[in-house]
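Student: Hey, I've just opened this one and could use some help finding my way around. Can we go through it together?

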Amino acid sequence: MKRALLFLFVAAFAFVREGVVRADEGGVEVYLEVKSLDPKDPKFKEQAPQIQATVIHAPSGIPQDKFTLYEPGAKTKVEFKASAMHGYTEGSETVAIAFVMLGWEIWIGNDDLLPEDDPSRYPGVLKALEQALDGVKFSASQPAGSLGELISYNDKATVKVPMGPLANITGGAFGTQKDYQNTKGKELEKGLEQALADLHNAKAARKALIVITDGADTNPDAAKSQLANLKKQAAQDHIQTFAIIYQGVQVGEAPVNVIPAMISQTTTVTSAENIATALNNILARMNDRVYLTFPTYDSKTGLGLPWDGKSHSLVVKVDKDDTEPVDMQMVPVWSPPVKGGFPTWLLVLIIVVGVLLLIIIGAKVFGGSKEEPAPMPVAMPAMAAPEAPKPAGPMKTVMIGAGGDQDGFPIVGWLVPLNGVDAYKTWKLRAGMTKIGTAPPADIVVNDGFMSTEHCQIAVSPAGFTLIDNGSTNGCYVNDRKVQKHELVDNDMITLGKTNLKFKSIN
């Protein structure tokens, strides 16, 4: 297998996605993320964190034991085989798909509406398109909770089925030929703008755009520059884009194909029946991924990956071929539990012997001058070792005003991202309320595709700093525990989407 060229890509799918690399089209893509452990598990503190890898475009038929994970350059090389593997539909990466379709009467078809001898009568694509979509069954091929919408465009964009459960997108959702009667125009750019705006606001781990069109626009010269800008917008929102160009209907001169200015993954068909094949090919490209879980510590050898909170390069090996290293922040900090230790029974014995010695010495010193036979020592009952004091835990941040009192607002409180494009910047919290999300009106805007637009907010008051989840898709985590509302203390680790942030404040 040819070694794939991979690029670093900072992002999130449920869990904390620390390292991500992407390959050129057709090459292997590897995503790595820290898999959260169940804090209710009594062995939680003793278990090393696990790593989940998403491998895209891997050769088919590779068994689970042929995937390994290791750190190149480590003093002692140790490789971990995948402990679990499952396919795309079993994963948690929900997808939001926007279908955009040309809604011009001649292209859609009007043969059900006009007599056979009418020269303006065209069969169009609608009937075959409905059959194709019902045959592909997109909703059954994607993980539970996936979303979809349907948009048609002619001289304007029309949302025929708003963003909702993907099961709503069926052949019948396209409507009938009568719904498109007397429509004109090919404002492709308007339909794509509407779709990208809706996908931007959709709450899903993955997003995709599927365009079914003749590839043309009413004003091709202007459309090319507009579509180039939309291509950048789709890339920023990590939206996969696909296009099917149907050339079965042509009126007048051949249309100028402008869709490649935005979408490189295009398929051209000349018969409506081939649309189903094209849709199946798109589905295969979307679903070409497996999910692997890797352990990171071997208790038998005492060797493992370094969970030291620092950045390390990790490599996933597919059969005998390495992918390019992925830089990954090794958090949470973890070390193997210390085995052995001081036996409890020996501690109890030492305490009992010590008490007996104190009694004997006390009797000798304070027993008086009269010499009497010393009484035989009586064995004292075993005393349980006093319970060690429990740590009080982190103290709640005390709000100190600039004048030294406890009634004013804090001198400063801020967040420091530890990964992502904004790593190690400082974001100062506002007095009152600070909103955090991926776009305005958030006060702190984070470039993280796995966060919601208004993910959460931090309330600042004389009582302290309080993190509040705003109903985000992937939730909020503080010190690896999912929270809805949490009072922050200094040095708390906050995880939003795939971004880790350190909370700091002055006591």
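Student: Which exposed residues does H5 carry on the face turned away from its buried side?
Tutor: That face of H5 carries Asp221, Lys232, Ala235 and Gln236. Exposed means over 50% relative accessible area, buried means under 20%, and partly exposed is in between, using a 1.4 Å probe and protein chains only. Helices are DSSP runs of H or I with at least four residues, strands are runs of E with at least two, and both are numbered from the N terminus.

Student: Is this a predicted model, and what counts in it?
Tutor: This is a predicted model, where local features need pLDDT of at least 70, side-chain atom pairs count only at pLDDT 80 or more, and totals for chains, interfaces and linings use all residues. Residues are numbered from 1 along each chain as its sequence is written, and side-chain values use heavy atoms, with hydrogens and water left out.

Student: Back to H5, what are its buried residues?
Tutor: Ala223, Leu227, Leu230 and Ala234 are the buried ones in H5. They line one face of the helix, because they fall within an arc of 60° seen down its axis. The arc is taken from the directions from the helix axis to the C-beta atoms.

Student: And what do they pack against?
Tutor: Helix H4 (188–201) and strand E12 (239–246). Contact means heavy atoms within 4.5 Å.

Student: What comes after H5?
Tutor: His238 follows H5, with a positive phi near 55°.

Student: OK, new helix. Which residues of H2 are buried?
Tutor: H2 covers residues 126–136, and its buried residues are Leu126, Ala128, Leu129, Ala132, Leu133 and Val136. These fall within an arc of 160° seen down the axis of H2, so they line one face of the helix. Gln131 and Gly135, on the other side of H2, are exposed.

Student: What covers that buried side of H2?
Tutor: The cover includes strands E8 (95–102) and E11 (206–213), along with helices H1 (105–108), H3 (138–141) and H6 (275–287). Just after H2, Lys137 has a positive phi of about 55°.

Student: Where is confidence lowest and highest?
Tutor: Strand E1 (residues 6–8) is lowest at a mean pLDDT of 30, and strand E5 (residues 67–70) is highest at 96. pLDDT is the predictor's confidence in each residue, from 0 to 100. Residues 1–25 have pLDDT below 50, yet this stretch has 104 contacts in the model beyond near neighbours in sequence.

Student: Last one, how many helices and strands are there?
Tutor: The protein has 7 helices and 30 strands.
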